[in-house]
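User: Could you walk me through how to read a few features of this model?
Analyst: Happy to. Let us look at it together.

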Amino acid sequence: MTLALIAALPFLAALLPGLTIRAGRTACAATSFAASALAFLLLAAKAPAVLAGEVLIYRLDWLPALGLSAGFRLDGLALFFAGLILGIGMLVIAYARFYLSRSDNMAVFYTYLMLFQGAMTGIVLSDNILLLLVFWELTSLSSFLLIGFWNHTAQGRQGARMALAVTGGGGLALIAGMLILGNIAGSYDLSVILTKGDEIRASSLYLPSLVLILLGCFTKSAQFPFHFWLPHAMAAPTPVSAYLHSATMVKAGIFLLARLWPMLSGTPEWFWIVTSAGLATLLIGAKTALFKDDLKALLAYSTISHLGLITLLLGLGTPAAATVAMFHILNHATFKAALFLTAGIIDHETGTRDLRLLGGLRKLMPVTFAIAAVASLSMAGMPPLNGFLSKEMMLEETVHAGYGPAWLLPVLATIGAAYSVAYSLRFLVHGFFGPAKPTPQKPHDPPFGLWAPPALLAALVILIGLLPMTIAAWLVNAASSATTGTAISVKIAHWHGLASPALWMSVAAFAGGALALAAYRPFRHLWDAAPKPDAKAIFDAAMATLTRAATALNDRLHDGSFTRATAIALATLVATCAYAFATATHTAGTRPLLPVTPIPAIGWLLLVTATLAATLHHRNRLMSLLFVGVIGLILSAGFAWLSAPDLALTQITVEVVTVVLMLLALHFLPKETPRESTALRRLRDVALSGAAGLGLAALAYAMMTRATAFPPISAYHLAQSKPGAGGTNAVNTIIVDFRGYDTFGEIIVLGIAALILFALTESLLANGAATRRLAQFAASRPEPAGDRHPLLMVMATRFILPFALMVAAFLFFRGHNLPGGGFVAGLIAAIAFVLQYMASGLGWTESRQRIAFHSLIAAGILTAAATGAGAWIWGLPFLTSDYGYIHLPPLEEFEWATAAIFDLGVFLTVLGAVMQALNSLGRLARRAGERPARTPYDIDMGEGL
Amino acid sequence: MELLIAAAIGLLTACGLYLILRQRTFPLIVGLSLLSYAVNLFLFASGRLAPDLPPIISKTATAYTDPLPQALVLTAIVISFGMTAVIVLMSLGAWLTAGHDRTDMDGGDDK
């Protein structure tokens with residue numbers, strides 16, 4: 001439970017900044033900090049058990065049938081990463097409080113940041129890989145929001161888009177890869193997958209799965225050739241760069257490589273792909289970093305290079321190399337986050353991040369200088385700092401790697417290290433030494449809040465460097481043991497003796513790096529003169545091509561013509577079904593058929609005639625509508641004949657309100673459909689719709705001539721209708737009881753539809769063009785054929801109203817046992833009221849209406865919801881029903897089920913929705929000059945009245 | 001009888017789709033109505049045809065028809081009313097605001 005809480009805390013805290021910002025910026029930062037701190041403490045409380053070798057697992061089944069569960073797992077690797085994420089998170093939150101200016105919306109910033117923190121914590125704590133994928137996508141999205149936080153700048157927007165396109169695209173590949181992986185392993189739980197390493201590597205799907213997963217990891221962790229998005233992500237505020245694009249998010253790919261290391265590594269494919277990508281990234285990143293003048297760009301490329309280094313180590317596939325990778329992740333997170341925060345301080349205090357404009361800050365910003373010196377020397381690999389320790393170990397590993405000729409990898413690694421020395425020293429020397437240069441602002445050390453977080457990290461750099469076995473070894477052991485699945489006890493030492501090749505490679509790297517910096521000018525000239533591919537231009541061109549292709553395809557399918565798009569969709573559907581039919585084997589159905597009897601046959605003939613007539617006469621809209629009514633009537637008779645009395649009742653009542661509604665609409669619309677399609681087009685449409693109709697008819701026939709493949713579940717409903725739900729009408733008990741949840745959803749949909757109608761009417765009445773047209777309509781309306789509110793009709797409807805309502809009540813109450821129920825009762829009541837509208841007009845009826853239709857709908861849905869929730873009082877699931885028998889002295893004993901109250905909710909919603917629909921059209925009619933009647937039945941006395 | 005019902009489903013589908021492919025809103029609404037009849041009938045038919053076996057539990061009944069498709073179709077009928085109401089008002093809105101009731105945009109006057 002604690003594990004889920006750790007992952008949930010940042011998400012919960014993401015809700016708070018919007019509220020606490022009202023209490024001030026500090027309160028806003030403090031709530032985010034407190035949530036991270038609490039999560040960190042919860043994690044720390046679990047740490048002793050994990051360090052002792054336990055694996056904590058918490059599972060909450062979600063959709064077990066799909067293998068989807070909210071499974072969380074805390075082992076050494078998860079502890080290591082979660083600690084980094086929450087620990088550095090706290091420092092960044094504190095730093096950002098002082099970094100962001102007054103004009104930045106701090107609440108939004110912290111909301112995004114906490115969202116990211118939650119997603120990231122979720123990734124490392126997930127036991128279920130599907131859950132992991134959800135969190136993975138969330139990090140891409142929150143990173144998009146954070147990079148684009150300064151969305152008034154073009155760089156911010158473009159950088160955010162690029163990051164989302166690259167990492168999001170990789171995420172899609174990852175989803176595919178993980179699904180394949182889960183499929184091979186037969187489970188989506190890491191706990192199971194971790195035990196299936198041999199099966200996975202032996203599977204024929206190993207390579208596709210590996211490539212897809214690596215695509216996800218490499219895009220996320222900015223590995224060559226997907227590294228280009230990271231420098232553009234530097235448009236984000238510096239705390240974001242420090243947190244996401246250096247210490248944590250870009251390590252998500254690395255984390256996943258480590259997480260899946262026991263299953264995927266150890267094959268030649270893994271070795272060559274991962275190691276090569278890491279090596280290329282290491283070299284390209286390191287070289288480019290040296291020639292960047294922007295402090296953040298320099299750090300971004302150096303981050304790419306170090307990520308490449310870690311990937312390279314994981315690619316080697318040996319437990320020792322994986323251990324070094326873990327150690328370097330820790331070290332890199334400390335010194336690189338410190339450096340980013342320092343770069344932020346320099347930017348904040350001097351107004352520039354351009355190394356060419358900076359210099360001599362050593363004297364002006366002594367505190368910042370001290371932090372920067374420690375961190376950048378560690379990045380260079382200077383003893384005795386922590387960067388030195390992991391670099392030595394890394395160089396040592398390359399010697400034993402066996403990547404091509406024995407000398408190749410050590411030489412390339414040394415070159416990478418030399419570049420690393422050069423750019424680290426350049427950061428320090430060009431920024432802090434030499435003469436002071438004029439900067440936009442006069443530099444001085446920042447307030448405590450800005451330098452304390454990087455100072456803390458710098459202190460860690462020194463401590464890990466001096467006492468690695470005390471401070472870091474236990475954590476590295478836990479992480480690498482969990483990664484490799486073998487117990488690892490690392491020995492971290494400063495001195496390995498003169499015979500150690502790593503020592504001499506290190507010396508060479510330092511000499512090379514120092515030389516490169518000494519000869520920086522000629523080197524820089526060479527670099528500037530060399531042609532370089534511009535990643536952004538290539539990316540933009542690729543995106544533009546993709547967009548053009550998508551637009552072209554889209555324009556072919558959807559050129560704005562609805563009928564064209566529908567015809568294409570229909571043709572595709574028909575073709576697919578025809579193909580499926582043609583390539584399968586068929587046998588005739590054996591189920592005994594129902595004999596054709598005269599009366600149903602006549603009904604069928606009527607139905608066919610009415611359908612053909614409605615279609616052939618579709619230009620005469622009124623005629624076609626009348627035929628639709630005929631079809632509805634025959635259908636309800638058919639339902640009655642085929643043992644579906646409830647359906648018959650519903651169909652006939654719905655038919656009435658539908659035809660009334662369409663008649664009202666036709667009042668405004670043109671009465672004729674013009675002849676505009678060519679004969680060829682009509683032929684095409686007849687062919688398409690005919691083929692579709694033939695297909696569906698064949699399918700229906702095939703279905704009806706066969707028995708069901710499995711016994712229908714309705715046997716249960718029939719058997720339980722009386723004892724379980726207390727009603728004898730099985731259709732009604734299914735609606736209000738067995739499948740009450742469906743019905744609940746359905747009445748909500750109906751309520752939403754009614755609200756849409758209301759909103760549409762409102763917007764139409766507020767629309768200039770629409771009201772003008774309605775006014776014209778009023779001016780040009782024909783003379784009414786006779787009385788608007790004929791006396792006879794008014795009297796008849798008044799008389800009918802109480803009876804109709806009584807029928808509705810009767811059908812409602814007997815619905816549980818005999819045909820009827822809330823749906824039918826609601827429709828009949830609605831028809832009773834609609835009759836009043838038709839007889840006496842909208843104005844007269846409305847002035848007597850006490851309850852608004854929205855309230856009816858709301859009351860209906862709330863009644864249904866309250867009935868459902870009532871079950872909770874007895875500790876039962878939502879919508880569990882109950883029934884009992886009530887004995888009131890003068891009456892016979894009768895039965896009363898809670899489902900009846902639920903049905904009342906259905907009744908109210910249906911009534912409200914139907915009335916709302918007709919009322920919407922009525923309101924338009926009033927705008928079109930329909931005068932409200934002043935008396936209930938105005939015997940038309942002409943205009944003089 | 002099954003053949004007749006299947007034919008009715010097919011005819012309603014074909015006519016409904018043909019009307020949907022006409023370029024005006026009113027035939028489209030009528031076509032959608034026909035198509036909902038077809039779909040409802042199809043769903044209903046999945047319970048197979050059984051006259052005189054209403055799903056009302058009683059001591060005298062020997063067998064019942066399948067009540068589940070009936071319950072599904074019942075709610076579908078009501079929902080399709082809601083849907084029809086929405087598209088009716090949308091088509092009315094389009095007619096009142098744009099001054100025509102074409103469903104296609106290739107006429108040019110929408111640009």
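**Reading a predicted model, feature by feature**

Analyst: Let us start at one residue: beyond its neighbours within four places in sequence, A:Gly826 is in contact with A:Phe907, A:Val910 and A:Leu911. Do keep in mind that this is a predicted model.

User: Where does A:Gly826 lie, and is A:Gly826 buried or exposed?

Analyst: A residue counts as buried when its relative accessible area is under 20%. A:Gly826 is buried, at a relative accessible area of 0%, and its place is in helix H38 of chain A, residues 822–840. A link across the sequence can be read here too: A:Asp903 is 77 residues away along the chain, while the C-alpha atoms of A:Gly826 and A:Asp903 are 9.9 Å apart.

User: What share of contacts in chain A joins residues at least 24 apart?

Analyst: Counting contacts between residues at least 6 apart in sequence, 79% join residues at least 24 apart. As for burial, 53% of the 945 residues of chain A count as buried. The secondary structure of chain A consists of 41 helices and four strands, and its C-alpha trace spans about 115 × 70 × 70 Å along the principal axes.

User: How do I read a helix pair, and at what angle do the axes of H5(A) and H12(A) cross?

Analyst: Angles under 35 degrees count as roughly parallel. The axes of H5 (residues 106–125) and H12 (residues 238–247) of chain A cross at roughly 5° and come within 12 Å, which makes H5(A) roughly parallel to H12(A). On the H5(A) side, A:Phe109, A:Leu113, A:Phe116 and A:Gln117 meet A:Pro239, A:Val240, A:Tyr243 and A:Leu244 of H12(A).

User: Now the backbone. Which peptide bond leading to A:Pro225 is cis?

Analyst: Here omega is the angle to read. The bond from A:Phe224 to A:Pro225 is cis, with omega near 5°, and A:Pro225 sits in the loop between H10 and H11 of chain A. Another cis bond runs from A:Pro383 to A:Pro384, also with omega near 5°; A:Pro384 is in the loop between H19 and H20 of chain A.

User: And phi: what is its value at A:Ser643?

Analyst: Look for positive values outside glycine. A:Ser643, not a glycine, has a positive phi of about 60°. A:Ser643 is in the loop between H30 and H31 of chain A and counts as buried at 2% relative accessibility. In chain B, phi of B:Arg48 is positive, near 65°. The loop between H2 and H3 of chain B holds B:Arg48, and B:Arg48 is buried, with a relative accessible area of 11%.

Conventions
Residues are numbered from 1 along each chain as its sequence is written. Chains are lettered from A and ligands numbered from 1 in the order in which they are written. This is a predicted model: local features need pLDDT of at least 70, side-chain atom pairs count only at pLDDT 80 or more; totals for chains, interfaces and linings use all residues. Side-chain values use heavy atoms; hydrogens and water are left out. Helices (H or I, at least four residues) and strands (E, at least two) are DSSP runs, numbered from the N terminus. Buried means under 20% relative accessible area, exposed over 50%, partly exposed in between (1.4 Å probe, protein chains only). Contact means heavy atoms within 4.5 Å. Axes are lines fitted to C-alpha atoms, for helices over the stretch in contact, and angles run from 0 to 180 degrees between N-to-C directions. Angles under 35 degrees count as roughly parallel, over 145 as roughly antiparallel, 65 to 115 as roughly perpendicular and the rest as oblique.
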